[in-house]
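Hi,

Here is the structure I said I would pass on. Have a look at it first, and then read my notes underneath.

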Amino acid sequence: MKTLAILGGDPVLNSAPAPYRTIGIEESRAVQKVMDDGELSSFLGSWNDAFYGGPNVRAFESEWAEHFKVTHAVSVNSATSGLIAALGAVGVEPGDEVIVSPWTMCASATAVLVWGAVPVFADIEEETFNLDVASIKRNLSPQTRAIVLPDIFGHAAALEEIMEIAASEDLLVIEDASQAPGALYRGAYVGTLAHIGVFSLNYHKHIHTGEGGVCVTNDSKLAERMQLIRNHGEAVVEGKGVDDISNIIGFNFRMPEIEAAIGREQLKKLDTLLARRQEICERLSRGLSGLSGLQVPRVWEDCTHAYYLYGMILDPEVVGVPKNRLIDALEAEGIAGLTRGYANLHLLPMYQRRIAMGKKGYPWNDAVYSGEVSYQKGICPVAERLQDETYVGLLVCLYDYSNDEVDKTIEAFQKVWEQRELLL
Ligand SMILES: *Cc1c(COP(=O)(O)O)cnc(C)c1O
């Protein structure tokens with residue numbers, strides 16, 4: 001048996017796989033064309049035809065809507081902007097609570113604070129790492145107005161059950177589908193099943209424009225409100241004849257023409273890139289699923305996984321080696337992109353100290369807020385235990401693996417597993 005690298009042996013892998021790259025000649029040509037035309041953005045923040053942006057922005061939006069089978073796509077300059085626009089559009093306001101997952105990128109929750117509302121962290125479940133239906137129910141209060149529902153790592157949350165709760169409680173749901181473009185839930189695209197879905201086009205996502213995002217909805221009122229928040233709406237409502245001006249605090253969330261031109265080319269590549277990612281991760285799962293005490297990513301019946309991250313769970317009793325020691329040994333074998341945890345946003349200083357806008361504790365101490373949110377350690381036991389003891393992930397979003405590199409990764413796991421008692 002070969003000596004474990006952490007104990008002085010040779011590693012199984014000698015280098016990390018090549019970086020994941022999606023930009024090619026098609027994008028270069030599209031950018032050059034915009035440069036030749038010279039109009040790098042056509043937006044105007046007033047009520048006229050240019051309120052909706054230039055030719056690439058509009059074409060990109062209609063192509064995105066067609067691809068994802070939704071009525072409206074509103075491009076923005078990031079998913080963070082998109083989440084802010086979405087929460088404003090659904091009418092979240094001071095005094096409200098919005099239920100959010102602690103296991104998501106921080107912006108999913110920060111967008112709630114931007115509108116003076118209070119994020120409430122419900123716990124997640126261990127099958128998909130998404131919001132747990134029972135925990136959502138436990139966290140409902142008279143103040144609850146909306147849910148921000150990430151489809152984390154690329155697998156759908158329990159959309160049907162959560163949309164049922166939303167309907168019976170009169171809540172609006174925003175899917176944060178930043179990590180799940182192209183994933184399916186019972187035949188429909190993830191991101192299109194809630195009132196609004198938000199996608200990210202940040203550099204690390206499946207397809208990207210450097211920075212960028214797209215909000216989708218089948219509700220024309222919500223689409224219009226997001227367009228207004230994206231583009232200086234307060235200066236537009238009068239000319240456009242908009243009556244409901246609540247939350248129409250306009251930002252500049254506009255996507256430039258170059259990014260839109262890149263996005264159009266990237267969208268054409270999404271299916272192929274996603275299929276390759278799925279092939280890589282399914283190969284990994286076939287190789288790793290025999291290891292005792294290691295749970296590979298689960299994929300629900302009638303769903304597909306987009307595998308932004310490859311999230312696994314250890315059973316500490318069966319594995320018998322502390323998580324960090326095990327991961328150190330895997331890293332020593334040359335496996336790139338291992339991660340030990342994800343988020344637990346409620347433990348960030350912003351929530352622990354309740355300092356967000358200004359220094360006085362707004363929005364938590366505002367007179368219109370009558371809820372009693374807690375951010376204490378212990379409020380999300382599943383998410384916290386995953387972080388501390390049982391979760392291990394692979395950042396498959398960063399690399400372009402060959403089949404051989406996938407097989408070597410599996411071999412490194414097997415090597416560590418077979419000799420793991422030597423790590424004690
Ligand atoms: C990347 C990401 C975001 C933020 O996207 P940006 O486009 O970088 O603003 C939000 N939510 C999730 C779940 C993400 O993965």
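So, how much space lies in the largest pocket? About 320 Å³, going by the computed volume. Bear in mind that this is a predicted model. The lining of that pocket takes in 26 residues, and the ones nearest its centre are Met-105, Ser-178, Gln-179, Lys-205 and Tyr-308. Two elements give two or more residues to the lining, namely helix 3 and helix 4. Helix 3 gives the most, with three residues.

Closed spaces turn up too. There are three cavities of 30 Å³ or more in the structure. The largest cavity holds about 60 Å³ of space, and its lining includes Glu-127, Thr-128, Phe-129, His-155, Arg-298 and His-305. Phe-129 is also one of the residues with the most contacts inside the largest nonpolar core.

On to that core. It has 105 residues, and Trp-64, Leu-87, Val-98, Ile-147 and Ile-196 are among those with the most contacts inside it. Helix 3 (residues 79-89) supplies the largest share, seven residues. As background, nonpolar side chains tend to be buried together in soluble globular proteins. If you want one residue to start from, try Leu-87: leaving out residues up to four places away in sequence, Leu-87 touches Val-92, Val-98, Ala-111, Val-112, Trp-115, Val-148, Ile-174 and Asn-247. A second core, separate from this one, has 35 residues, including Val-12, Ile-280, Leu-314 and Val-392.

Val-98 leads on to a neat bit of architecture. Strand 3 (residues 97-100) pairs with strand 4 in the parallel sense, over four bridges, and Val-98 has Pro-119 of strand 4 as its bridge partner. With helix 4 (residues 107-114), the two strands make a right-handed β-α-β unit.

What covers or leaves open the two faces of strand 4? Both faces are covered: Val-118 and Val-120 are buried on one side, and Pro-119 and Phe-121 are buried on the other. That split fits the general pattern, since side chains in a regular strand alternate between the two faces of the sheet.

There is also an open sheet of four strands, in the order 11-12-14-13, with antiparallel pairing. Strand 11 (294-295) and strand 13 are at the edges with a single partner strand each, so each has one side without a neighbour in the sheet. Strand 11 pairs with strand 12 (residues 310-314) over two bridges, in the antiparallel sense, and Leu-294 stands opposite Leu-314 there. Leu-314 is the residue listed above as part of the second core.

Helix 13 (residues 381-390) has Ala-383, Glu-384, Leu-386 and Thr-390 buried. The buried residues of this helix pack against strand 12, helix 10 (316-319), helix 11 and strand 14 (391-394).

A few single residues are worth clicking on:

- Glu-333 sits in the loop between helix 11 (323-332) and strand 13 (338-339). Is Glu-333 buried or exposed? Buried, because its relative accessible area is 0%. Not counting residues up to four places away in sequence, Glu-333 touches Leu-4, Ala-5, Ile-6, Asp-10, Pro-11, Val-12, Leu-13, Ala-412, Lys-415 and Val-416.
- Tyr-362 belongs to the loop between helix 12 (349-352) and helix 13. Its relative accessible area of 24% makes Tyr-362 partly exposed. The C-alpha atoms of Tyr-362 and Gly-116 are separated by 7.5 Å, although the two residues are 246 residues apart along the chain. Leaving aside neighbours within four places in sequence, Tyr-362 is in contact with Pro-94, Gly-116, Ala-356 and Met-357.
- Ala-30 is part of helix 1 (residues 25-37). Why does Ala-30 count as buried? Because its relative accessibility is 15%, and buried means under 20%. Ala-30 touches Ala-261 and Glu-265, not counting residues up to four places away in sequence. From Ala-30 to Leu-314 the C-alpha separation is 46 Å, and the two are 284 residues apart in sequence.

That is what I have for now.

Cheers

Technical notes:
Residues are numbered from 1 along each chain as its sequence is written. This is a predicted model: local features need pLDDT of at least 70, side-chain atom pairs count only at pLDDT 80 or more; totals for chains, interfaces and linings use all residues. Side-chain values use heavy atoms; hydrogens and water are left out. A nonpolar core is a set of buried Ala, Val, Leu, Ile, Met, Phe, Trp, Tyr and Cys residues joined through side-chain atoms within 4.5 Å. Buried means under 20% relative accessible area, exposed over 50%, partly exposed in between (1.4 Å probe, protein chains only). Contact means heavy atoms within 4.5 Å. Two strands pair if DSSP finds at least two bridges between them. A crossover is right-handed if, with the strands pointing away from the viewer, the path from the first strand over the helix to the second runs clockwise. On a 1 Å grid over the protein atoms alone, a cavity is a set of points where a 1.4 Å probe fits but cannot get out, and a pocket is an open set with protein on both sides within 12 Å along at least five of seven lines; lining residues have an atom within 4 Å of a point. Grid points are joined across faces, edges and corners, and a volume is the space filled by probe spheres set on the points.
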